Amino acid sequence: MMNPQELDAIVDRVWNGEAPMEEWTAAVSGGSIKEVSSDVIVVSTGYLFGNVTVIRTEAGLVMIDTGSRETARDTLRAMRTWDKRPIHTVIYTHGHIDHTWGARLLDKEADENGAARPRIIAHRNVLNRFQRYDETQDLNTIIMGRQFNQADYTFPGEHRRPDEVYDEELTLTVGGVRLQLRHGRGETDDATFVWLPEQKVLVSGDFVIWVFPNAGNPRKVQRFANDWAGVLRYMHGLAPAVLVPGHGPVIPDARRAAQLLDDGASALESLVRQTLDLMNGGHSLNSILHRVKPSAELLAKPYLLPKYDDPEFVVRGIWHLYAGWFDGNPAHLKPAADHELGAEIADLAGGVEALAKRVEALCAQGRIRLAASLIEFAVAAAPDDKQVHRVRAAVYRACVEAETSLIGKAIMAITLHESGKRS
Ligand SMILES: [Zn+2]
């Protein structure tokens, strides 16, 4: 394992934009411990896997989150090199599986040792989430497999339910250590962040993820950009000495923590304000998508890069939260079937071949949004035409290259591969 000074140097370089997050992931893979104080550690296993905070108390350990399916075993092994006492309490920061999955290992460990299973505490909406997961397990297999480009992905079942739930705030004292839990909405409606007032340590969960806030994911349930900004402002007011994000390196520095929280809040506030102003002005969704401009200065910060979500998707999420699914285009209220519309447009263009040629020209000019819109008419008109699929693959190859967000790239890449196979 890398020594703490070397790891801190990598984190400094990531903070300064001199190294990619992948370098930190490589350094912590297999399980790495960051000592926050003599009785608090954070176990990290890589950027895509949720961080786990462990607090030593006289009554046993408190864990905040439990780790991802891929790495929960490494997380448990690493924390057991630090302390072997039983786990007294577990807090879920939210119900996403990269934070909750490891709970089953903790139950198993307790059973094997003949100890009591840990008490798990979460916000009340985690129960609703797990119910929804049980009802839509196959859908989640499709969504997650596509988002992370894993053909053999299976979404898990049998989610470990919390034993106790709360609504707005909950203060716990475990073995003499005080923990203040507070609920807020952001990426999810079931989120908790934890404040250790004595140590001034803030465990943010996925309110802080070292990338542009993931508030617009196209294939997930509603997210809450405005509430998210409010939570970041509240956190900023706490003035943490140490900020433990849901993903990515711990920030053990009050000045950096304040800057990150302030910048994250500002980025979201700006999107919300611009979007609502335009909505109040009567604009359609399409008009808003082409008018809202995220702050280029904030987007360039190494901890706000749109590498996972895309600010444009966040604008859609804001629209959807306040105005429902209708985008303001009356033709979209009761649309024609795709194949009928496609056939009509292809006829108007002088045939599918002419339409595909025009798409190629647009693509060559870099007008890839227009090219993507038109090629979908062509493929709807002629779903088995090899040339159309060839052009479509080229269009989405350009789209993937232009897109910064993992989520956007993934959806475009699936289209690229489908058409690649059929051309
Ligand atoms: Zn997460």
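## A starting point: Asn125

Let's begin with Asn125, which counts as buried because its relative accessible area is 19%, and the cut-off for buried is under 20%. Asn125 sits in helix α6, which covers residues 125-135. Setting aside residues up to four places away in sequence, Asn125 touches Asp189 and Asp190. Keep in mind throughout that this is a predicted model.

## The zinc site

Which residues hold the zinc ion? Asp98 and Asp206 each use an OD atom, while His99 and His247 each use NE2. The distances run from 2.1 to 2.4 Å. Read along the chain, these donors follow the spacing D-H-x106-D-x40-H.

Two of the donors come from quite separate stretches of chain. Asp98 belongs to helix α4 (residues 97-100), and His247 to the loop between β12 (242-245) and α9 (254-280), so this pair ties together parts that are 149 residues apart in sequence. Asp98 and His247 are both buried.

What about the geometry? The angles among the four donor atoms go from 82 to 164°, and the site is irregular. Why is it not called tetrahedral? That label needs all angles to lie between 85 and 135 degrees, so a range of 82 to 164° does not fit it.

## The largest nonpolar core

The largest nonpolar core is made of 55 residues. Those with the most contacts inside it are Trp24, Phe207, Trp210, Leu232, Met235, Leu243 and Val314. Several elements each supply at least two residues, among them α1 (4-15), α2 (21-28), β10 (191-196), α8 (225-238) and α12 (311-323). Which element gives the most? That would be α9, with 10 residues.

Take a closer look at Phe207. Leaving out its neighbours within four places in sequence, its contacts include Gly184, Phe193, Trp228, Leu232 and Met235. There is also a second, separate core of 27 residues, and Ala72, Ala78, Val90 and Ile97 are among its members.

## Met235 and Trp210

Met235 lies in helix α8. Its relative accessibility is 0%, so Met235 counts as buried. Apart from neighbours within four places in sequence, Met235 is in contact with Phe193, Leu202, Ser204, Phe207, Pro240 and Leu261. Met235 and Ala258 are 23 residues apart in sequence, and their C-alpha atoms are 8.5 Å apart in space.

Trp210 is found in the loop between β11 and α8. With a relative accessible area of 3%, Trp210 is buried too. Its phi is near 60°, which is a positive value in a residue other than glycine.

## Lys200, on a loop

Lys200 is another residue other than glycine with a positive phi, near 55°. It is placed in the loop between β10 and β11 (201-205). Is Lys200 buried or partly exposed? Its relative accessible area is 36%, so Lys200 is partly exposed.

## Two helices: α1 and α3

Helix α1 makes a nice ruler check. At 1.5 Å a residue, its 12 residues should span 16 Å, and the end C-alpha atoms are indeed 16 Å apart. The buried residues of α1 are Leu7, Ile10, Val11, Val14 and Trp15. They cover an arc of only 140° around the axis, so they are on the same side of α1. What covers these buried residues includes α2, β1 (32-37) and α9.

Helix α3 (residues 72-80) has seven of its nine residues buried, so it is largely enclosed by the rest of the structure. Ala72, Asp74, Thr75, Leu76, Ala78, Met79 and Arg80 are the buried ones. The cover over them includes β1, β2 (40-44), β3 (52-57), β4 (60-64), β5 (87-91) and α5 (103-112).

## Asp327 and its contacts

Last stop: Asp327, in the loop between α12 and α13 (338-349). With a relative accessible area of 17%, Asp327 is buried. Not counting neighbours within four places in sequence, Asp327 is in contact with Ser284, Leu285, Trp319 and His332. Asp327 and Ser284 are 43 residues apart along the chain, and 6.0 Å separates their C-alpha atoms.

Key. Residues are numbered from 1 along each chain as its sequence is written. This is a predicted model: local features need pLDDT of at least 70, side-chain atom pairs count only at pLDDT 80 or more; totals for chains, interfaces and linings use all residues. Side-chain values use heavy atoms; hydrogens and water are left out. Donors are N, O and S atoms within 2.8 Å of the metal (3.2 Å for Na, K and Ca); water is not among the atoms, so sites may look incomplete. Four donors count as tetrahedral if all angles lie between 85 and 135 degrees; four count as square planar and six as octahedral if opposite donors are over 155 degrees apart and all others between 65 and 115; anything else is irregular. Helices (H or I, at least four residues) and strands (E, at least two) are DSSP runs, numbered from the N terminus. Buried means under 20% relative accessible area, exposed over 50%, partly exposed in between (1.4 Å probe, protein chains only). A nonpolar core is a set of buried Ala, Val, Leu, Ile, Met, Phe, Trp, Tyr and Cys residues joined through side-chain atoms within 4.5 Å. Contact means heavy atoms within 4.5 Å. The expected span of a helix is 1.5 Å times one less than its number of residues. The arc is that of the directions from the helix axis to the C-beta atoms.
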